[in-house]
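Okay, thanks for coming, everyone. I've got one structure to walk through today, so let me put it up on the screen.

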Amino acid sequence: MDKTPYPPDLAQAWSRLFGYAWLPENRDFLQGLRKDPKVTITDVVNSGTPEKIQGPCATILEYVNSDNCEYGYIAIPTLPDGLKELSEEQLYFYANQSQLYGIMRQT
């Protein structure tokens, strides 16, 4: 029997986080995610800041902290040079591709 596909809400939560973290003005947040994603994501949920990614962070924590969890934290890849001028929403759509998540899916 095949494993359950990566949950769409978890994939969307990571995509929102990627879109936010890849913006040049959020470089400190990106560094925090790369250094210690669990602490960085937990801090967002506990502080409510930044508000626009609190929901996605809460979704990630819900999955990762659940009993018998098969999901964990993933490293945020470096944004390709050709995409550095995209908006946050465009970056979200880039990160939300199923092919991109196929590469990052933990098995």
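Let's start with a single residue, Ala13. Setting aside anything within four places of it in sequence, Ala13 is in contact with Pro56, Thr59 and Ile60. One thing to say up front: this is a predicted model, so please hear everything with that in mind.

So where does Ala13 sit? It's in helix α1. Buried or exposed? Ala13 has a relative accessibility of 4%, and since the cut-off for buried is under 20%, it counts as buried. There's also a nice distance to look at here: Ala13 and Cys57 are 44 residues apart in sequence, yet their C-alpha atoms are 6.9 Å apart in space.

Okay, let's cross over to the other side of that contact, helix α4, which covers residues 54-64. Which residues of α4 are buried? That would be Pro56, Cys57, Ile60, Leu61, Tyr63 and Val64. Looking down the axis of α4, those buried residues fall within an arc of 165 degrees, so they line one face of the helix. If you want the textbook background, an α-helix has 3.6 residues a turn, so residues three or four places apart point the same way. And what covers the buried residues of α4? The cover includes α1, residues 8-21, and α3, residues 37-47.

Now Ile60, since we've already met it twice. Not counting residues up to four places away in sequence, Ile60 touches Leu10, Ala13, Trp14, Leu17, Ile41 and Tyr73.

That takes us to the core. The largest nonpolar core has 28 residues, and the ones that touch the most other members are Trp14, Leu17, Phe29, Ile41 and Ile60. Which elements give two or more residues to this core? Those are α1, α2 (27-35), α3, α4 and α5 (88-95). The largest share, 8 residues, comes from α1.

Let me zoom out for a second. The chain has 6 helices and 0 strands, so, by the way DSSP runs are counted here, reading from the N terminus just gives you α-α-α-α-α-α. Of the 107 residues, 41% count as buried. If you take contacts with a separation of 6 or more, residues 24 or more positions apart account for 68% of them. As for the surface, the accessible area of the chain comes to about 6700 Å², and 49% of that belongs to carbon and sulfur atoms.

Two more buried spots, quickly. Thr40 is in helix α3, and Thr40 is buried, with a relative accessible area of 14%. Leaving out residues up to four places away in sequence, Thr40 touches Phe29, Gly32 and Leu33. Then there's Asn26, in the loop between α1 and α2. Asn26 is buried too, with a relative accessible area of 10%, and under that sequence exclusion Asn26 touches Tyr20 and Ala21.

Last stop, and I know some of you were waiting for it: the pockets. How much space lies in the largest pocket? About 200 Å³. The residues lining it are Ala21, Trp22, Leu23, Pro24, Arg27, Leu30, Gln31, Arg34, Thr78, Leu79 and Lys84. The largest share of that lining, 4 residues, comes from α2.

That's my tour. Happy to spin the model around if anyone wants another look.

Note on methods
Residues are numbered from 1 along each chain as its sequence is written. This is a predicted model: local features need pLDDT of at least 70, side-chain atom pairs count only at pLDDT 80 or more; totals for chains, interfaces and linings use all residues. Side-chain values use heavy atoms; hydrogens and water are left out. Buried means under 20% relative accessible area, exposed over 50%, partly exposed in between (1.4 Å probe, protein chains only). The arc is that of the directions from the helix axis to the C-beta atoms. Contact means heavy atoms within 4.5 Å. A nonpolar core is a set of buried Ala, Val, Leu, Ile, Met, Phe, Trp, Tyr and Cys residues joined through side-chain atoms within 4.5 Å. Accessible areas come from the Shrake-Rupley method with a 1.4 Å probe; for residues, only the protein chains shown count as cover. On a 1 Å grid over the protein atoms alone, a cavity is a set of points where a 1.4 Å probe fits but cannot get out, and a pocket is an open set with protein on both sides within 12 Å along at least five of seven lines; lining residues have an atom within 4 Å of a point. Grid points are joined across faces, edges and corners, and a volume is the space filled by probe spheres set on the points.
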